[in-house]
Amino acid sequence: SSGINAEYGETVVMANKADLNKLTSTAFLLLAHIFVDIGNQSDALEMVKSAHEIANRIPDISLQIWSCKLLERLSGEQPDKVAEMRELREKLQGKLEREGEECRASPDNSLLQWLDSEFPSSCMSMV
């Protein structure tokens, strides 16, 4: 019983760390937007770089895309960096779209749609 509680506690700590990393990355990206709006490009760039590092470490694809888009925007005078961030962002967006398509094509997804019609025969083995 105490082993189960220890594992549960460890899982909660890990989840809290992941949530904290997502929150930190999001806060950095929001701060970067504020810095951009007030014309402070250097601090905006530092915030986005930090957010991007955290987003890659988690990994969180939505935060990675957001940070790439901001890095692309802030790297305007460095064509190589703009191209690199655009390529990475497009690659991540493609991955996200492919994963979405895979989820929609999954037989498990038909369970979500059966309310509009008869219970799908492909799902009978799941009940």
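Of the 127 residues of the chain, 27% count as buried, and the exercises below work through a predicted model of this chain.

**Exercise 1. The chain as a whole**

Task: State how many helices and strands the chain has, and describe the order of its elements.

Solution. Begin with the inventory, which gives 5 helices and 0 strands in the chain. Reading from the N terminus on, the elements follow one another as α-α-α-α-α. Next, turn to the contacts: when those with a separation of 6 or more are taken, residues 24 or more positions apart account for 45% of them. Finally, consider the surface, where the accessible area of the chain comes to about 9100 Å², with 55% of this belonging to carbon and sulfur atoms.

**Exercise 2. Helix α3**

Task: Compare the reach of helix α3 with its expected span, find which of its residues are buried, and determine which residue caps its N-terminal end.

Solution. Helix α3 covers residues 61-74, and with its 14 residues it reaches 20 Å from its first C-alpha to its last, which is close to the 20 Å expected at 1.5 Å a residue. The second step concerns cover: 10 of the 14 residues of α3 are buried, and the helix is accordingly described as mostly covered. The buried residues are Ile61, Leu63, Gln64, Ile65, Ser67, Cys68, Leu70, Leu71, Glu72 and Leu74.

The third step takes up one of these residues, Gln64, which is found in helix α3. Its relative accessible area is 9%, and because buried means under 20%, Gln64 falls in that class. Leaving aside its neighbours within four places in sequence, Gln64 is in contact with His52, Ala55, Asn56, Pro59 and Leu92.

The last step looks at the N-terminal end of α3, which is capped by Asp60, a side-chain oxygen of this residue lying 3.1 Å from the backbone nitrogen of Ser62.

**Exercise 3. The pair Asp60 and Lys22**

Task: Explain which parts of the chain are tied together by the salt bridge between Asp60 and Lys22, and classify both residues by accessibility.

Solution. A search of the whole structure finds 4 salt bridges, and in one of them the side chains of Asp60 and Lys22 meet, at 3.6 Å from N to O. Asp60 lies in the loop between α2 (41-57) and α3, whereas Lys22 lies in helix α1, so the pair ties together parts that are 38 residues apart in sequence.

As for accessibility, Asp60 is buried at a relative accessible area of 13%, while Lys22, with 35%, is partly exposed. The surroundings of Lys22 can then be filled in: apart from neighbours within four places in sequence, Lys22 is in contact with Ile58, Asp60 and Leu63. In addition, the C-alpha atoms of Lys22 and Ala55 are separated by 7.2 Å, although these residues are 33 residues apart along the chain.

**Exercise 4. Salt bridges that involve helix α4**

Task: Describe the salt bridges Arg89 to Glu72 and Arg104 to Glu101, and say in which helices the partners lie.

Solution. Take Arg89 and Glu72 to start with, whose side chains meet in a salt bridge at 2.9 Å from N to O. Arg89 lies in helix α4 (residues 79-105) and Glu72 in helix α3, so this pair ties together parts that are 17 residues apart in sequence. Arg89 counts as buried at 13% relative accessibility, and Glu72 is also buried, with a relative accessible area of 11%. The picture is extended by Arg86, since Glu72, Arg86 and Arg89 are linked in a network of salt bridges.

Now turn to Arg104, which forms a salt bridge with Glu101, the closest N and O atoms being 2.8 Å apart. Here both partners lie in helix α4, 3 residues apart, or about one turn of the helix. Arg104 has a relative accessibility of 51%, and because exposed means over 50%, this residue counts as exposed.

**Exercise 5. A nonpolar patch**

Task: Identify the residues that make the nonpolar surface patch of about 280 Å², and classify Ile34 by accessibility.

Solution. The patch is made by Leu31, Ile34 and Ile38. Of these residues, Ile34 can be placed in helix α1, which spans residues 2-37. The relative accessible area of Ile34 is 47%, and the residue is therefore partly exposed.

Methods
Residues numbered from 1 in each chain as written. Predicted model: local features only at pLDDT ≥ 70, side-chain atom pairs only at ≥ 80, totals over all residues. Heavy atoms only, no water. Helix = DSSP H or I, 4+ residues; strand = E, 2+ residues; numbered from the N terminus. Expected span 1.5 Å × (residues − 1). Buried < 20%, exposed > 50% of the residue type's maximum accessible area, 1.4 Å probe, protein only. Polar contact = N/O pair within 3.5 Å; in protein donor to acceptor, adjacent residues only side chain to side chain. Patch = residues over 30% accessible without salt bridge, like charges linked within 9 Å, V, L, I, M, F, W, Y side chains within 5 Å. Areas by Shrake-Rupley, 256 points an atom, 1.4 Å probe, with all protein chains shown as cover. Contact = heavy atoms within 4.5 Å.
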